[in-house]
Every structure is written in structure tokens, then in C-alpha cells.
Amino acid sequence: MGDLIIRVQSPDGTRRVPVTRRETAADFLKKVSSEFGFSENGFVICTNRDKSGEINGKSRQSLNALNIKHGDMVYLFPDSAMPSTSAEAMDTGAAVGSVRGSVSLLAQAGPSTSTTLVAKRQGFPNAQASTQGIVEEEIDQYLSKQEGKIYRNRDTQLCRHGPMGKCVHCVPLEPFDEDYLNHLDPPVKHMPFHAYIRKLTGGADKGKFVALENISCKIKSGCEGHPPWPDGICTKCQPSAITLNRQKYRHVDNIMFENHTIADCFLNCWRNTGQQRVGLLYGRYVEHKDIPLAIRAEVAAIYEPPQKGSENSLELLPDPRADVVDEIAGKLGLRKVGWIFTDLLPEDTRKGTVKYIRHKDSHFMSAEECIMAGEFQNANPNPCRLSPDGHFGSKFVTVVATGGPDNQVHFEGYQVTNQCMALVRDDCLLPTRDAAELGFVKESSSEQYVPDVFYKDIDKFGNEITQLARPLPLEYLIIDIPTTFPREPQYTFSTITTQFPIENREITGETQDFSSLADYLAQPGSKSLLETLANFHLLIFLATNDVMPLRDHMDLLLDAIKMNDETLAHHFSESEHWATLDQLCKNVIVQPRGGEFESMGAAGGFSQSSSAAVWACKHCTYNNPPGTAQCEVCSLPRS
């Protein structure tokens with residue numbers, strides 16, 4: 001007989017106990033005693049919440065004879081607390097018991113409705129006791145305090161009461177009401193995560209026993225009853241099988257670029273080279289007011305890390321400036337909210353159209369992209385007080401710039417499910433060689449045990465069947481997110497049309513050096529210093545350049561940009577560090593003419609002939625070849 005999982009609910013939470021069909025009641029109670037840490041006479045187990053149907057600890061009857069089936073819930077009552085607090089806890093836990101009973105992932109039972117919520121419990125008393133001190137993000141703290149109710153006006157045709165009354169036709173709806181969400185325009189297929197939490201915690205106990213548990217695909221360590229894998233494994237250390245389902249909630253409900261300029265600047269690299277491009281999205285998480293308790297990721301800038309691209313591939317390279325970029329963004333009130341990449345093929349270069357290559361008959365995201373998205377999401381977990389681990393899921397989003405049905409560039413937003421995050425984190429998911437829409441779950445080997453992964457499908461006769469995820473349709477792992485632009489553009493950074501060169505774009509001939517900085521600062525127009533310097537790519541260069549990095553001296557400027565304060569910007573312009581850097585820019589050679597180079601000094605213009613010998617730069621000590629009047633490394637003048 002195969003193993004069963006029996007759920008045991010106690011005042012300290014619910015745990016799952018593995019048994020066999022032929023196991024006796026006495027053996028089962030011994031396992032419960034060991035799992036909960038009670039003496040064998042210190043509790044009773046009942047099949048009903050009203051304490052009826054007590055299981056006799058001395059009975060030799062099998063669980064099968066007692067009509068206890070796979071996935072059933074039984075109830076533990078400590079003897080010392082049966083008359084009072086424990087009984088009250090059981091009563092208030094009844095509603096949650098019914099909810100959690102419908103979402104438990106059982107090892108051999110096939111698909112369940114919400115696999116992401118359950119992994120093996122190994123002794124968490126309850127979520128609140130395990131996650132004290134967890135600080136959720138600001139947007140989560142804000143939404144957790146909002147009522148979230150959907151208020152409706154009195155229906156003049158259906159309501160038969162006075163203006164102060166309420167009935168089923170006009171009573172406020174809960175934020176997780178699926179009928180309401182399905183009738184929005186456009187329909188909402190995935191409820192907001194905070195609405196999902198309200199659904200779980202809406203019982204009489206206010207979610208006292210709710211725990212959002214992360215799936216683990218790894219063998220639990222420390223099991224001493226047998227040799228380690230591959231020589232041994234048991235039900236205590238073996239990870240449960242996973243049945244994939246379409247996740248009903250999402251952590252981010254909308255992605256919005258502040259303006260079209262952000263996206264256009266990113267696309268220009270592909271337009272100029274034909275090579276695909278990847279970038280990191282920096283912005284903020286805010287309330288998405290079109291949907292109750294929803295979250296929007298607002299994108300204010302795109303940083304382009306070191307990378308190697310071609311017409312059909314991308315490779316991210318190590319980025320020595322990654323920490324500095326995050327630091328600059330943090331001081332501006334921004335954070336990394338996602339990543340973006342292009343997948344564009346020209347259709348007609350004269351019309352500027354692109355091919356429609358990602359659709360329901362091909363694929364939306366490939367397995368490699370799902371794995372990369374999973375890596376990013378695992379690296380940016382979502383703090384959550386209801387998770388025993390202190391985190392659950394992620395708000396990190398994926399945006400694909402690709403051709404749409406009108407053969408124009410469209411931006412499509414996605415996340416991968418929490419199940420996919422677990423498969424990626426535990427190295428269980430592989431890409432397929434010849435089908436972008438499919439992935440493949442590893443098979444167990446002597447180096448790694450991989451639990452069975454299943455998904456539901458419909459056969460040619462219309463029957464629902466369970467399939468092994470080898471291969472795996474990636475649609476089970478993807479959540480789509482609407483990606484939009486506002487009607488009225490927003491600008492965290494400058495509106496100056498002349499852009500400072502974007503980092504890591506040597507392939508297009510763009511370079512960030514003092515020459516490009518001098519050109520940018522010298523552009524015509526009466527722009528204020530604040531507006532001139534409010535450029536994300538420029539700020540990164542100011543902080544990280546090799547000649548005079550301002551990383552430790554930019555706080556006043558960053559505060560000025562964050563608060564849009566001209567006074568703070570003026571104070572920054574009077575600082576010694578900015579004055580020195582400004583002077584260096586004024587001494588940079590701006591334009592070659594024949595064999596001579598024109599340079600602007602502090603006192604005016606002068607010309608200098610090129611030298612015939614190798615010369616060392618007095619700023620960075622680099623040995624420059626003869627015939628040059630500015631340093632090839634720092635772009636500063638020879639004199």
C-alpha cells in the first residue's frame with residue numbers, strides 16, 4: 001500500500017503525519033506523540049472538531065478499518081487543556097481548517113488547488129510565533145491596514161429596502177470576490193496577493209493558524225534512521241511530490257513605465273545594432289488603485305549592466321558597479337523592481353515594423369527565461385509575516401520587449417509562480433532543446449533527489465488526466481501582468497532631450513568619459529543644474545568614474561533630485577568636489593581639428609600641437625601613444 005498523509009490540527013497549528021493504510025491506530029498515535037512532543041497519555045485524537053470520534057490509543061484496528069483516508073483532518077486535544085483554552089482554539093480554527101483542507105498538497109493524491117501554500121511542516125508552532133521581527137515592505141504595511149472592501153450603490157431594480165439598508169445586491173464585496181474581478185475591464189485573472197491574504201485570514205480566528213509555506217524540493221537534512229541519499233531515503237526526509245497549478249494570485253498587478261522616453265532609450269541600442277539587450281528596472285512599488293489591495297511597479301529608469309548580445313542571444317556579465325547602482329537608487333527613493341530584455345526581429349526596416357513571434361501558438365516565455373526570472377525572484381524575496389521562513393514569493397517582475405499583433409513593439413509583463421521559484425532554487429528545472437514553450441523537470445540521480453512533478457491536462461476525449469512534467473508546459477509557471485504607460489507622462493529624472501551616454505554601450509560607440517560629460521554639461525539652453533544632473537546614467541558615472549569618483553560626496557545632490565529642491569542643488573554646486581570636477585570638465589578637449597586639438601582652459605581658448613613621444617597622463621598615469629593630446633583612459637588633456 002502507498003503512503004498516506006493525515007493532517008493533525010492542534011492548538012499550535014496543523015502538521016502532516018505520514019502513515020500507511022494498514023497502520024494501526026496505536027502506531028498512528030505514537031507517531032503523533034513524537035511529532036508534537038506529547039507523552040502518549042497527554043492528548044486525545046478525535047475525528048471531529050466537536051471531540052466526537054475519539055481514536056483509541058490501544059486499538060489494533062487499521063486506519064483503513066477506521067475509515068481514515070489520505071488527506072483527512074483529525075483533531076488533537078491536550079488533556080490538560082480540554083475544558084478551556086484548547087477547545088476554544090479548536091473552535092476558532094474550524095474555519096481555517098476547512099480552508100487549509102482544500103489547499104493542502106498531499107504527497108500521493110494528485111493535484112490540489114493551491115500547491116504553493118504547503119510544504120512539509122517540521123515543527124513550526126504557528127506563523128506569528130515564528131516570524132516575530134519580520135519587517136514587511138512599506139507598500140505591504142500600508143495595504144495590510146486598508147479595508148479593501150468594494151462598495152456598491154443601491155440597485156434601484158433589485159434592492160427593496162430604504163436608502164440606509166443593505167442587502168445581498170448592494171452589500172460591500174470582499175476584495176477577493178472572483179465574480180467582481182472577472183467582470184472588470186479588462187478582467188483580472190489573478191487576485192492581488194493582499195486580497196488573497198484577506199481570503200485566508202477572513203475566518204473567525206483572523207488567520208491564527210494560517211502559514212504561507214515555501215515549497216522545498218530538497219531532502220530534509222539530519223535524518224539518521226538510514227544512510228544518506230542515494231543509499232537511503234524515508235518519508236520524513238523525502239520532499240513531497242508537487243502538482244503544478246495555475247497560481248490564483250500575483251504579487252504585482254501592474255507594471256507602468258513613467259514615460260515613453262525610458263523605453264525608447266533602451267530600445268535604441270537594438271535599433272542601432274540589431275543585437276538583443278537586457279536591462280534592470282529601477283523604480284518603486286505603489287498602490288494600484290484600479291484594483292482593491294493591488295500593487296503597481298512604477299519604472300523610473302533602466303540600468304544596462306555589462307552584457308554580451310547577438311541577434312538571438314544574451315549573456316549577462318559580472319558587474320563591478322552593481323552595489324553602487326543599488327546604493328545610488330536607494331538614496332533616490334528607488335529600488336530594483338524587475339528586469340527587461342528584448343526579443344525583436346525586424347519585419348520591414350522601411351516601415352519600422354517587427355515580427356509577431358510570441359503568441360499562444362508559439363510561446364510567451366522560454367524555459368531559459370523562466371529560469372532566469374526565477375533566479376531574479378529568488379534573489380529578491382518578498383518579506384512576509386505569515387511565512388515561517390519570513391519570506392514568500394517575490395515582487396520582482398519580468399518585461400519582454402517584443403513584437404505585437406500589429407507588428408509594433410509591445411512590452412509584455414510576467415512573473416513566474418512560487419512553484420517555479422522553488423523548482424529553480426532547488427535546481428530541478430531544465431530548458432528543452434527544440435521547443436521554447438516546454439521545460440523539463442530533472443530526473444533523480446545519485447547526486448540529487450528530485451521529487452515527482454505533475455500537472456493536469458485534458459486528453460483527446462475531454463477527460464482530465466495527470467501528467468508527469470517531463471516535458472512541462474511552461475504556461476503552468478507563468479503569470480502575466482499588464483504593462484502600461486500613463487496618459488500623462490511622469491518624470492522622476494530630467495526631461496532634457498539630450499541624453500548622457502548610457503553605460504556599457506561600447507558596441508554603439510557610446511562612451512562615458514569626461515569628454516562626454518563636458519559635452520553634456522555644455523549643451524545649449526538655460527537648464528538649471530538640478531535638471532541637468534537629474535539623470536540616472538549620469539549619476540552612476542559621477543559616482544564611479546576613475547578620475548574623481550563622487551560616491552561619498554553626492555548625498556546633497558541625490559537629496560536635491562529626490563525632493564526636486566533647487567536650493568539643495570545650489571548648495572551642492574558650491575561644494576569643493578563639484579567645483580573641482582567642473583573645472584576638469586572645462587579643461588577637457590572638445591573637438592579635434594587636423595593635427596591640433598582645441599581645448600577650453602579656465603582662462604579661455606588655446607591650441608596645443610601633438611607631441612611625438614609617449615607621454616604619461618598626470619591625472620591617471622596612463623602611458624599614452626605619441627600624437628595624442630588627451631588621455632585614452634580618462635579623456636583629460638595632456639597639459
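Buried means under 20% relative accessible area, exposed means over 50%, and partly exposed is in between, using a 1.4 Å probe and protein chains only. By that scale, Gly-57 is partly exposed because its relative accessible area is 34%.

This is a predicted model, in which local features need pLDDT of at least 70, side-chain atom pairs count only at pLDDT 80 or more, and totals for chains, interfaces and linings use all residues. Residues are numbered from 1 along each chain as its sequence is written, and side-chain values use heavy atoms, with hydrogens and water left out.

## The chain as a whole

Let us start with the overview. The chain holds 17 helices and 31 strands; these are DSSP runs numbered from the N terminus, with helices being H or I of at least four residues and strands being E of at least two. Of the 639 residues in the chain, 49% are buried. Contact means heavy atoms within 4.5 Å. Among contacts between residues at least 6 apart in sequence, 66% join residues at least 24 apart.

## Four residues and their surroundings

Back to Gly-57, which sits in the loop between strand 3 (43-46) and strand 4 (73-78). Not counting residues up to four places away in sequence, Gly-57 touches Ala-26 and Leu-29.

His-288 belongs to strand 9 (residues 278-288). This histidine counts as buried because its relative accessible area is 5%. Leaving aside neighbours within four places in sequence, His-288 is in contact with Asp-253, Asn-254, Ala-294, Ile-295 and Arg-296.

Thr-261 lies in helix 8 (residues 260-273), and its relative accessibility of 37% is why Thr-261 counts as partly exposed. His-359 is in the loop between strand 15 (353-354) and helix 10. With a relative accessible area of 21%, His-359 is partly exposed.

Three of these residues can be paired with a partner further along or back in the chain, as the table shows.

| Residue | Partner | Separation along the chain | C-alpha separation |
|---|---|---|---|
| His-359 | Gly-404 | 45 residues | 8.5 Å |
| Thr-261 | Thr-497 | 236 residues | 8.9 Å |
| Gly-57 | Thr-24 | 33 residues | 9.2 Å |

## Strand pairing

Two strands pair if DSSP finds at least two bridges between them. Strand 22 (residues 453-458) pairs with strand 6 (residues 242-244) in the parallel sense, over three bridges. Here Ile-242 stands opposite Val-453 of strand 22.

Strand 22 also pairs with strand 23 (residues 464-468), this time in the antiparallel sense and over five bridges. Asp-457 stands opposite Ile-465 in strand 23. Strands 22 and 23 form a hairpin with five residues between them, and Gly-462 in the turn has a positive phi of about 85°.

A separate group to look at is the open sheet of three strands, in the order 20-21-24, with antiparallel pairing. Its edge strands are strand 20 (429-431) and strand 24 (472-473), each of which pairs on one side only. Strand 21 (residues 438-441) and strand 24 run antiparallel and are joined by two bridges. Leu-438 stands opposite Pro-473 in strand 24. As a reminder for viewing such elements, in a regular strand the side chains alternate between the two faces of the sheet.

## A covered helix

Helix 14 (residues 536-544) is mostly covered, with nine of its nine residues buried. Among them are Phe-536, Leu-539 and Phe-541. At the start of helix 14, a side-chain oxygen of Asn-535 comes to within 3.0 Å of the backbone nitrogen of His-537.

## The second largest pocket

A pocket, on a 1 Å grid over the protein atoms alone, is an open set of points where a 1.4 Å probe fits, with protein on both sides within 12 Å along at least five of seven lines; lining residues have an atom within 4 Å of a point. Grid points are joined across faces, edges and corners, and a volume is the space filled by probe spheres set on the points.

The second largest pocket has a volume of about 630 Å³. It is lined by 24 residues, and the closest to its centre are Asn-312, Ser-313, Leu-314, Phe-341 and Glu-369. Strand 12 (314-316), strand 13 (335-343) and helix 10 (367-379) each supply at least two lining residues. The largest share, four residues, comes from strand 13.

By class, the lining of this pocket has eleven nonpolar, seven polar and six charged residues. Ala, Val, Leu, Ile, Met, Phe, Trp, Tyr, Cys and Pro count as nonpolar, Asp, Glu, Lys and Arg as charged, and the others, Gly among them, as polar.

Key
A polar contact is a pair of N or O atoms within 3.5 Å; within protein, one must be able to donate a hydrogen and the other to accept it, and residues adjacent in sequence count only if both atoms are side-chain atoms.
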